[in-house]
Structures are given as C-alpha cells and as structure tokens.
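Student: I should like a close look at a single part of this assembly, namely one interface between two chains. Please describe what forms it and how its two sides are related.

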Protein chains: 6
Amino acid sequence: MRPGARNKIVGTVKSVKKGDVMSLIKFDVVSADELSSVITTESADELDLKEGDQVELVIKAIHVLPIKRE
Amino acid sequence: MRPGARNKIVGTVKSVKKGDVMSLIKFDVVSADELSSVITTESADELDLKEGDQVELVIKAIHVLPIKRE
Amino acid sequence: MRPGARNKIVGTVKSVKKGDVMSLIKFDVVSADELSSVITTESADELDLKEGDQVELVIKAIHVLPIKRE
Amino acid sequence: MRPGARNKIVGTVKSVKKGDVMSLIKFDVVSADELSSVITTESADELDLKEGDQVELVIKAIHVLPIKRE
Amino acid sequence: MRPGARNKIVGTVKSVKKGDVMSLIKFDVVSADELSSVITTESADELDLKEGDQVELVIKAIHVLPIKRE
Amino acid sequence: MRPGARNKIVGTVKSVKKGDVMSLIKFDVVSADELSSVITTESADELDLKEGDQVELVIKAIHVLPIKRE
C-alpha cells in the first residue's frame with residue numbers, strides 16, 4: 001500500500017490516551033528526513049523563504065494519520 | 001509567540017517551487033522528537049496500538065504550516 | 001445554498017455519540033457517485049494512478065462536514 | 001497496512017489532471033457503506049440530528065487521501 | 001441548509017484568481033462575531049489561555065469553505 | 001514569528017471548556033478584515049463567484065489555530 005502523501009514519518013507508540021470520542025496517541029519519531037508543505041504562493045512570497053532558512057513546522061495533531069503495518 | 005499545537009518540527013528550507021496559486025516548499029528535518037496524533041477512539045480501538053508499536057505517520061503537505069522566526 | 005466543494009455525499013444518520021467536547025455521528029451512505037481528491041503533483045507522479053486503477057480513499061472523520069437541509 | 005481512519009471508500013480512477021503544484025484526481029465510487037463525522041458537541045446540539053435524518057456530507061477534495069494497494 | 005460548524009463568517013468577494021487546479025478567492029469580512037477553536041487539552045494547558053487574553057487565530061486558506069446563498 | 005498563512009484574525013478568549021482529550025476555546029473577534037479561501041478551480045467555476053457577491057465562510061473549529069503572543 002502506498003498513500004498519496006509524501007510526508008511519511010516513522011514512529012513508535014509512546015502512549016495512548018483514550019477519551020470518550022477522540023483519543024490522543026504520542027509517538028517517538030524514529031525517522032523523518034524530509035517534509036513538504038503546501039501554502040498559497042502569496043503566503044510563500046510573504047514568508048520569503050530561502051534555501052537554508054530555519055523554520056518551525058507546525059502540524060495539528062488531528063492531521064497526523066497513523067498507518068499500521070501488518 | 002506560541003502556537004496552540006504540540007507538533008513543532010524544526011526544519012531548514014531545501015527548495016521552493018512556486019505555482020500559480022499554491023507553492024510547494026521542501027524542508028530537511030533538523031529535529032522532530034515527538035509527534036501527537038488525534039484519531040477517533042473507535043479508530044484507536046481498531047488499530048489497537050500498543051506501546052512500542054512501529055507505525056507510519058502520514059501528513060498531507062497542505063497540513064504543514066511553516067512559521068518563520070524573525 | 002451551494003458549498004464550494006464538489007464532494008457531496010448524501011447519507012442518513014445512523015447514530016450520534018455525544019462526547020464532552022466532540023461528537024461522533026455515523027451515516028449510512030445513500031449516494032456517492034464521484035469523489036475528487038487533490039494531492040501534490042509529486043505525490044500524483046509517485047502514485048502513478050491510471051484510469052481504471054482501484055484505490056482506497058481515506059478521509060478522517062473530522063473532515064466530514066454534515067449539512068442539514070431545512 | 002491499516003490506516004487509523006474509519007472512512008475508507010473504494011473508488012476507481014476516472015481522470016487525472018496534473019497542475020504545476022497540485023493535481024486533481026477524480027474517482028468513481030465503487031463502495032462507500034458508512035461514513036463517520038466528528039464535529040463539536042455544540043454543533044451537534046445545534047444541528048439536532050436524529051436517526052434517519054438525511055444530510056449532505058461535504059468533504060473538501062484536499063482532505064481525500066488516495067491509498068494504492070500494491 | 002445548516003452546516004455542522006459554528007464558525008460562520010459573512011464576507012463579500014473581493015477577487016478571484018483561477019489557477020490550473022486550485023483557485024484563490026479573497027473576501028472582505030462583513031461580520032465575524034465569535035470564533036471557536038478546538039485543540040488538544042494538552043495544548044490548551046500549555047497555552048494557558050485565560051478569559052480576555054488576546055491571541056492570533058491562524059487559519060489556512062484551504063480550510064475556508066465558501067457557501068453561496070441562492 | 002510569522003506564520004505561512006494569510007488568514008490571521010485577532011480575538012480575545014471568551015471561554016475555555018476542557019474535555020478529556022480535546023478542548024473548545026471561544027473567542028470574540030477583535031479584527032478580521034480579509035479572508036482567503038482556496039478551493040478547486042472546478043468548484044470555483046461551479047460557484048461562479050463575482051466581485052461583490054456575499055457568501056458564508058464556514059470553518060471547522062479544529063482548523064482554527066490560536067497563537068499566543070508573549
């Protein structure tokens with residue numbers, strides 16, 4: 001199986017907190033070499049990012065989809 | 001400034017491809033120790049993740065928000 | 001009213017589970033003829049999808065917006 | 001592989017339109033029996049959905065992740 | 001029609017830029033009295049928001065769904 | 001710090017409701033002049049928005065990211 005998304009990080013489960021409807025799972029990152037971000041070209045112009053610039057990459061937890069190998 | 005999201009990865013810009021409306025920015029990951037995922041408790045039950053399990057964490061590029069320090 | 005999104009599935013409510021902050025609603029699908037997906041062109045190249053290929057379409061429950069006719 | 005999301009629709013590729021940064025893929029839906037939605041409990045109270053109510057389920061194309069079996 | 005989301009802002013179209021696959025639409029905001037945000041309780045604890053605190057609310061353009069009245 | 005997203009609304013915290021895993025925070029909007037939306041060009045064609053048209057902008061609460069100035 002291959003998901004149509006380039007950002008694939010490998011992690012190991014650290015904790016699972018089950019709530020009534022939603023659950024929070026924490027992972028230790030094993031590997032994460034490269035990440036891609038898509039933003040509007042206007043935001044890209046405004047941010048004016050250049051090769052080598054250091055940034056924070058913020059990802060809401062609800063947008064992280066764990067896929068288990070079987 | 002502090003964003004209300006725990007998943008903060010630090011990366012450096014590797015390339016910027018500007019399109020007509022959207023742009024793709026690639027980053028080399030500098031640090032990414034821990035990641036959190038929120039899924040429905042039903043999905044968590046189905047996935048049956050246990051401490052130490054290795055998973056892939058898939059994140060669509062449109063959900064990665066770069067924040068530049070100034 | 002017309003939403004600016006092409007993916008409109010019609011469903012009937014099967015169950016409602018109300019949690020403290022978030023609620024989970026399940027629907028039986030009545031009709032869902034066509035679905036569109038937008039991914040990066042890089043991911044599309046990597047997936048190499050051709051007409052007729054069969055795929056799974058995964059959608060997190062938090063990205064499904066119910067709209068009630070009145 | 002098992003994704004941590006319950007909404008799995010099976011579809012076949014109908015067309016692929018590659019743009020400069022993003023691509024649009026259309027699918028004919030083969031099967032889609034049940035869908036889950038997560039909304040705030042406040043919105044659920046406001047919508048006041050009852051078993052059997054018919055609704056439209058709107059999903060932005062950028063939130064549909066194709067996964068290819070290999 | 002009533003969407004299952006509390007954040008409904010009213011705006012007027014200011015400009016439309018059509019790209020090959022994605023389009024960018026800008027709106028002047030006519031009314032936006034109250035907004036709701038859902039984050040993990042861990043992030044909420046970390047942010048430590050108190051009544052009256054002023055914050056920036058950041059929303060990626062791909063998460064704004066225009067709905068046209070007819 | 002500058003986030004790579006043009007939609008920045010300023011708000012003040014009105015209430016915080018902490019749930020087991022997710023929390024709901026409500027804000028009074030202080031300023032929100034302009035908002036951008038990105039949709040597929042096909043949806044844009046279908047919506048047929050023209051300068052001056054009035055629309056509702058719907059945003060799920062999970063897509064609103066509060067950022068605290070310090």
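Tutor: A polar contact is here a pair of N or O atoms within 3.5 Å; within protein, one of the two must be able to donate a hydrogen and the other to accept it, and residues adjacent in sequence count only if both atoms are side-chain atoms. The model is a predicted one, and the part examined is the interface of chain E and chain F. By that rule, 43 residue pairs are in polar contact across this interface, both residues of each pair being at pLDDT 80 or more.

On the side of chain E that touches chain F, the elements giving two or more residues are strand 2 (7-18), strand 3 (22-31), strand 4 (34-40), helix 1 (41-47), strand 5 (54-59) and strand 6 (65-68) of chain E. The most is given by strand 2 of chain E, with 10 residues. Sorted by class, this side of chain E comprises 29 nonpolar, 12 polar and 17 charged residues.

As to extent, 58 residues from chain E and 58 residues from chain F take part in the contact. Between the two chains an area of about 6400 Å² is buried, and carbon and sulfur atoms give 57% of that area.

Charged side chains also pair across the interface: the count between chain E and chain F is 4 salt bridges. A salt bridge joins E:Lys14 and F:Glu34, with 2.5 Å between the closest N and O atoms.

The backbone pairing can be described in terms of strands. Strand 5 of chain E pairs with strand 6 (residues 65-68) of chain F in the antiparallel sense, over 4 bridges. Within this interface, E:Val55 has F:Lys68, in strand 6 of chain F, as its bridge partner.

There remains the relation between the two sides. Chain E is superposed on chain F, with an RMSD of 0.0 Å, by a rotation of 180° with 0.0 Å of shift along its axis. Such a relation is that of a two-fold axis. The residue of chain E that comes closest to the rotation axis is E:His63, its C-alpha lying at 3.3 Å. Because 100% of the interface residues of chain E are also interface residues in chain F, the copies meet through the same surface.

A further pair may be set beside this one. A turn of 180° and a shift of 0.0 Å along the axis lay chain D on chain C with an RMSD of 0.0 Å. In chain D, the C-alpha nearest that axis belongs to D:His63, 3.3 Å away. Of the interface residues of chain D, 100% are also interface residues in chain C, so these copies meet through the same surface.

Key:
Residues are numbered from 1 along each chain as its sequence is written. Chains are lettered from A and ligands numbered from 1 in the order in which they are written. This is a predicted model: local features need pLDDT of at least 70, side-chain atom pairs count only at pLDDT 80 or more; totals for chains, interfaces and linings use all residues. Side-chain values use heavy atoms; hydrogens and water are left out. Contact means heavy atoms within 4.5 Å. Buried area is the accessible area (1.4 Å probe) that two parts lose on being put together, summed over both. Ala, Val, Leu, Ile, Met, Phe, Trp, Tyr, Cys and Pro count as nonpolar, Asp, Glu, Lys and Arg as charged, and the others, Gly among them, as polar. Two strands pair if DSSP finds at least two bridges between them. Copies are superposed by least squares on the C-alpha atoms of residues with pLDDT of at least 70 in both.
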